[in-house]
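Here are a few exercises to work through with the model open beside you. Take your time with each one, then compare your steps with the solution.

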Amino acid sequence: MHFQKRPGSLRFLITAGGTREHIDPVRFISNASSGRTGFAIARAALKAGHKVTLVTGPATHRLPNKARVVKVETAAEMFEAVKKHFNKCDCLIMAAAVADYTVAKPSRTKIKKTNKSLTIELKPTSDILKWAGRHKTRCQVVVGFALEDKAMRARAEKKMKDKNLDMVIANSPAAIGSANSTVQIKTLNHKWVKLPQATKDTLARHIIRLMQTFPV
Ligand code: CTP
């Protein structure tokens, strides 16, 4: 890839971690995301001298000191936070594992056990990345992840097109919760690049270097 270096410090909006969709006050639906990738990207961006707003679902990692951190719990809250900060960022990186479905009618009180089966109705959440792809200006770069267990490139490219992304980072479920990741990256108008297996910190530095040279 032959990109020109973008001058000065960039404003990154980075999402991390999984969201929680409540069934009742003490139970929720979530996923196995550790938030490690998003936090590593935030640290790498800060280390390279950029400004970072980190929107994170519940995660146990130490919060990066110099970032503006917005803690959220649900997909709807993450959407509100991204909408609030999106127009002030040069680059959005959606590393969060946002729930695709939320509970249609969460109970306000703890659901009591009975001996009957229980059905919970789910309804789709908003696709935050798709919203960002629709609303980005010519100068903003929008990056998404694609977690795929098969047909990785084809499915990730479809997400790239459907969500109007500038870059997609495809990985497999093996990356969830792990310190390492093997990813493939596709940037608009460029071929796929497969990176060797690396720690998520190394991957994060690579992504930030790509963003620093991204053509706009
Ligand atoms: N994403 C999002 N909002 C959602 C769901 C996902 O912004 N409601 C983002 C994720 O942060 C990620 C990208 O979309 O950057 C792709 O997420 P992924 O779970 O791989 O795909 P989905 O679009 O949810 O589709 P599917 O689950 O069918 O693969």
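**Exercise 1.** In this predicted model, find how strands β1 and β4 pair, and over how many bridges.

*Solution.* Start with β1, residues 11-16, and then locate β4, residues 51-56. The two strands run in the parallel sense and share 6 bridges. For one concrete pair, go to Arg11: its bridge partner in β4 is Lys51.

**Exercise 2.** Place these two strands in their sheet, and name the edge strands.

*Solution.* The sheet is open and has 8 strands, in the order β5-β4-β1-β6-β9-β10-β12-β13. Its pairing is mixed. At the edges are β5 (68-71) and β13 (193-194), each of which pairs on one side only.

**Exercise 3.** Which backbone atoms make polar contacts with the ligand, using a limit of 3.5 Å between N or O atoms?

*Solution.* Begin with the ligand's oxygen atoms. One lies 2.8 Å from a polar backbone atom of Met94, and a backbone N or O atom of Ala96 is 2.7 Å from a ligand oxygen. Next, turn to nitrogen: a ligand nitrogen is 2.9 Å from a polar backbone atom of Ser126. On its own the ligand has 570 Å² of accessible area, and the protein covers 76% of that.

**Exercise 4.** Describe the ligand's surroundings by pocket, residue class and secondary structure.

*Solution.* First, the pocket: the ligand sits in the largest one. Next, the classes: the shell has 9 nonpolar, 3 polar and 4 charged residues. Finally, the elements: α3 (128-135) and β9 (141-147) each supply at least two shell residues, with β9 giving the largest share, 4 residues.

Definitions and conventions:
Residues numbered from 1 in each chain as written. Predicted model: local features only at pLDDT ≥ 70, side-chain atom pairs only at ≥ 80, totals over all residues. Heavy atoms only, no water. Polar contact = N/O pair within 3.5 Å; in protein donor to acceptor, adjacent residues only side chain to side chain. Areas by Shrake-Rupley, 256 points an atom, 1.4 Å probe, with all protein chains shown as cover. 1 Å grid on protein atoms, 1.4 Å probe; cavity = no way out; pocket = protein on both sides within 12 Å on 5 of 7 lines; lining within 4 Å. Sits in = over half its atoms within 2 Å of the grid points. Nonpolar A, V, L, I, M, F, W, Y, C, P; charged D, E, K, R; others polar. Pairing = 2+ DSSP bridges.
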